Amino acid sequence: MGRLFGTDGVRGVANSELTCEMAMNIGRAAAMVLTDNNHRHPKILIGKDTRISSDMLESAITAGLCSVGANVVQLGVVPTPAVAFLVGKYKADAGVMLTASHNPCEFNGIKIFSGDGYKLPDALEEQIEAIVLDHADVPPVPTGGDIGSVTTAPNVVRDYVDHIKSTVPFALTRMRIGIDCANGAASRTAELLFTELGAECHMLADKPNGVNVNDNCGSTHMENLMSFVKENHLDAGIAFDGDADRCLAVDDKGQLVDGDFVMAICAADMKSRGKLAKNTVVGTIMTNMGFTRFCSENGLHFEATKVGDRYVLEEMQLEGYNFGGEQSGHVIFLDFATTGDGQMTAAQLLSIVHRREAKLSSLATLMTRYPQVIVNVQVGPEGKLHFYTDSEVKEAIENAKAKLGTSGRIVVRPSGTEPLLRVMIEGEDLEYINVLANSVADVLRERLA
């Protein structure tokens, strides 16, 4: 991770860690790095989620962009993948999304997309960091007509919804679904999208007020949706996070269908239709062992990357794969999108269920999930740094590996978006791996917290 950028953009507590000054300076630096010097007025899109701080940061980053001559097009509240798509459709030079994804409302963040709709590679992020933190280059100070302007785009939702609809070959006619918008960006698009696809929509957490984003709702809090689907006898439920770039599902029995199950269902369907490039799925080191077994039993090849959808995407682009994602619900259909898109994922999954005239609970049986325990340990930046060198931490992890043998695995890693170390253990015995994970976490707390 860089000094400003984590695995998914810049993120921090708004107005404290992520200040208006920082947002303005990032805007200036991004315009310099992402646009041609001969381009007098580069065009940059800005979208935002529903956090109360998003308006404040939008004003700051807009000021920064205009101050170096960029023309800003404000998209309003939209999902992150809508920004990635609209950069290309509107022929913009770059796109910015203000969001902290699944984090609570006090956090916010800045995600940046280049003109091709992809998240920035490390090298460009480092250039922006050097300008902001080291003053490696001095932003221009245009005056008069060379200062940038601000406009809005009137057809944002229509353009994005039509794009998602164009990727779904089978409508969702007569399907009854619950949709949890996390009081986030999906509140603006999801009901329209799935209604137009033919589904009967029952909406939850779709009334954002600036502070209720991800508050006991959305893909990080699935309990309400699971109960709602079961109690109302719905065909399925879908939950998004704050910026709707990920989704998790609930089957007709009210059971969780996480990103690994979603990928298994979609990969098997794509393979059966000859649409899965090289018969390969890209996941991460956090992908459940049950998914790797599913792949080997179904003639699929599995590639694992570091945690983060950007690394999944890099591997897909490098090797010519077209499908991959994470257990958390970031799923990338590279034939249709340049980033994870929760609403596209939901539309593809539900379309398979409807086309096969099957129940989601039945389709989900094609994969068996290994018991998995994740324990989070709160640490500061120094703790994350010392994690790599502390001998007692290393010994605790190695001892756990030895105890698991070939019947399980352990992954301990720093979070790329939160001040946490995550201990993940998979194995056959839930009680045993829970004890083991907490014993490793205790060492982390003692040594690094």
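Colleague: How many bridges join strand 3 to strand 4, and in which sense do the two strands run?

Modeller: In this predicted model, six bridges join strand 3 to strand 4 (residues 71–77), and the two run parallel. One register point is Ile46, whose bridge partner in strand 4 is Gln74.

Colleague: Which element stands with strand 3 and strand 4 in a β-α-β unit, and what is the hand of that unit?

Modeller: The element is helix 2 (residues 54–67), and the unit that it makes with strand 3 and strand 4 is right-handed.

Colleague: Over how many bridges does strand 3 pair with strand 5?

Modeller: Strand 3 pairs with strand 5 (residues 94–98) over five bridges, in the parallel sense. Here Gly47 stands opposite Met97 of strand 5.

Colleague: How should the side chains of a strand be read, and how many residues of strand 3 are buried?

Modeller: In general, the side chains of a regular strand alternate between the two faces of the sheet. In strand 3 (residues 43–48), five of the six residues are buried, so that the strand is mostly covered.

Colleague: In what order do the strands of the open five-stranded sheet stand?

Modeller: The order is 9-8-10-11-12, with mixed pairing. Strand 9 (200–204) and strand 12 (256–257) each have a single partner strand, so each of these edge strands has one side without a neighbour in the sheet. Within the sheet, strand 10 (residues 236–240) and strand 11 (residues 247–250) run antiparallel and are joined by four bridges; Gly237 stands opposite Val250 in strand 11.

Colleague: Which strands does helix 7 touch, and which does helix 11 touch?

Modeller: Helix 7 (residues 223–231) packs on the sheet and touches strand 8 (176–180), strand 9, strand 10, strand 11 and strand 12; its direction makes about 160° with that of strand 10. Helix 11 (residues 342–355) also packs on the sheet, touching strand 8, strand 10 and strand 11, and its direction makes about 165° with that of strand 10.

Colleague: Through which helix does the chain cross from strand 13 to strand 14?

Modeller: Strand 13 (residues 280–284) and strand 14 (residues 301–305) pair in the parallel sense over five bridges, with Ala304 of strand 14 as the bridge partner of Gly283. The chain crosses between them through helix 9 (residues 289–297), in a right-handed β-α-β crossover.

Colleague: How many helices and strands does the protein chain have, and why may it be called compact?

Modeller: The protein chain has 15 helices and 19 strands. Its radius of gyration is 22 Å, close to the 22 Å that the globule rule gives for 449 residues, so the chain is as compact as a globular protein of that length. Buried residues make up 58% of the 449 residues.

Notes:
Residues are numbered from 1 along each chain as its sequence is written. This is a predicted model: local features need pLDDT of at least 70, side-chain atom pairs count only at pLDDT 80 or more; totals for chains, interfaces and linings use all residues. Side-chain values use heavy atoms; hydrogens and water are left out. Buried means under 20% relative accessible area, exposed over 50%, partly exposed in between (1.4 Å probe, protein chains only). Two strands pair if DSSP finds at least two bridges between them. A crossover is right-handed if, with the strands pointing away from the viewer, the path from the first strand over the helix to the second runs clockwise. Contact means heavy atoms within 4.5 Å. Axes are lines fitted to C-alpha atoms, for helices over the stretch in contact, and angles run from 0 to 180 degrees between N-to-C directions. The radius of gyration is taken over C-alpha atoms; the globule rule is 2.2 Å times the number of residues to the power 0.38.
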